[in-house]
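Biologist: I am new to this protein, and I would like to go through it with you, asking at each step how a label was earned.

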Amino acid sequence: MQRRRRTSLSVAQAIGSKRERRLVVKQLRMNGVPIPKIGVDVRTGPGTIRRLRQEVFIVPGVLALVMQFTMTFLSMSTIVRERELGTLEQLVVSPIQPWELMLAR
């Protein structure tokens with residue numbers, strides 16, 4: 001099983017590498033850069049992954065979640081307050097659309 005996995009991974013890497021080389025050669029031709037006679041060597045590896053810092057992706061996601069929960073709780077508390085004061089029925093019979101009510105809150 002392990003050998004099959006390694007073989008399929010090697011085949012996938014070879015296909016990806018060949019495709020990447022073709023794209024690089026195409027990009028060089030489009031920019032008018034002469035293609036070297038020895039070929040194009042494209043290497044990818046963990047060096048590119050090290051530069052991707054985790055904080056850059058996690059912090060904005062956490063901030064978006066906090067804002068989403070905050071807005072949900074504010075909307076819930078507004079509706080509960082209207083229910084407690086007895087003015088929810090007045091909102092229901094008012095001549096405004098639901099989206100106008102949410103936008104005004």
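Modeller: The accessible surface of the protein comes to about 9900 Å², and carbon and sulfur atoms hold 63% of that area. Please keep in mind that this is a predicted model. Of the 105 residues in the protein, 5% are buried.

Biologist: Which elements make up the protein, and in what order do they run from the N terminus?

Modeller: The order is α-α-α-α-α, for the protein has five helices and zero strands.

Biologist: How do you know that the span of helix H3 agrees with its number of residues?

Modeller: Helix H3 covers residues 54-85, and at 1.5 Å a residue its 32 residues should span 46 Å; the end C-alpha atoms are 47 Å apart, so the two values agree. Just after H3 comes Gly86, which takes a positive phi of about 85 degrees.

Biologist: Why is Val62 called partly exposed?

Modeller: Val62, which lies in helix H3, has a relative accessibility of 43%, and because partly exposed runs between 20% and 50%, the label fits Val62. Together with Val56, Phe57, Ile58 and Val66, Val62 makes a nonpolar surface patch of about 450 Å².

Biologist: What makes Arg21 buried, partly exposed or exposed?

Modeller: The relative accessible area of Arg21 is 36%, a value that is neither under 20% nor over 50%, and therefore Arg21 counts as partly exposed. Arg21 has its place in helix H1, residues 2-30, and gathers with Lys18, Arg19, Arg22 and Lys26 in a surface patch of positive charge.

Terms used:
Residues numbered from 1 in each chain as written. Predicted model: local features only at pLDDT ≥ 70, side-chain atom pairs only at ≥ 80, totals over all residues. Heavy atoms only, no water. Patch = residues over 30% accessible without salt bridge, like charges linked within 9 Å, V, L, I, M, F, W, Y side chains within 5 Å. Areas by Shrake-Rupley, 256 points an atom, 1.4 Å probe, with all protein chains shown as cover. Salt bridge = Lys/Arg side-chain N within 4 Å of Asp/Glu carboxyl O. Lys, Arg positive; Asp, Glu negative; His and termini not counted. Charge placed at Lys NZ, Arg CZ, Asp CG, Glu CD. Helix = DSSP H or I, 4+ residues; strand = E, 2+ residues; numbered from the N terminus. Buried < 20%, exposed > 50% of the residue type's maximum accessible area, 1.4 Å probe, protein only. Expected span 1.5 Å × (residues − 1).
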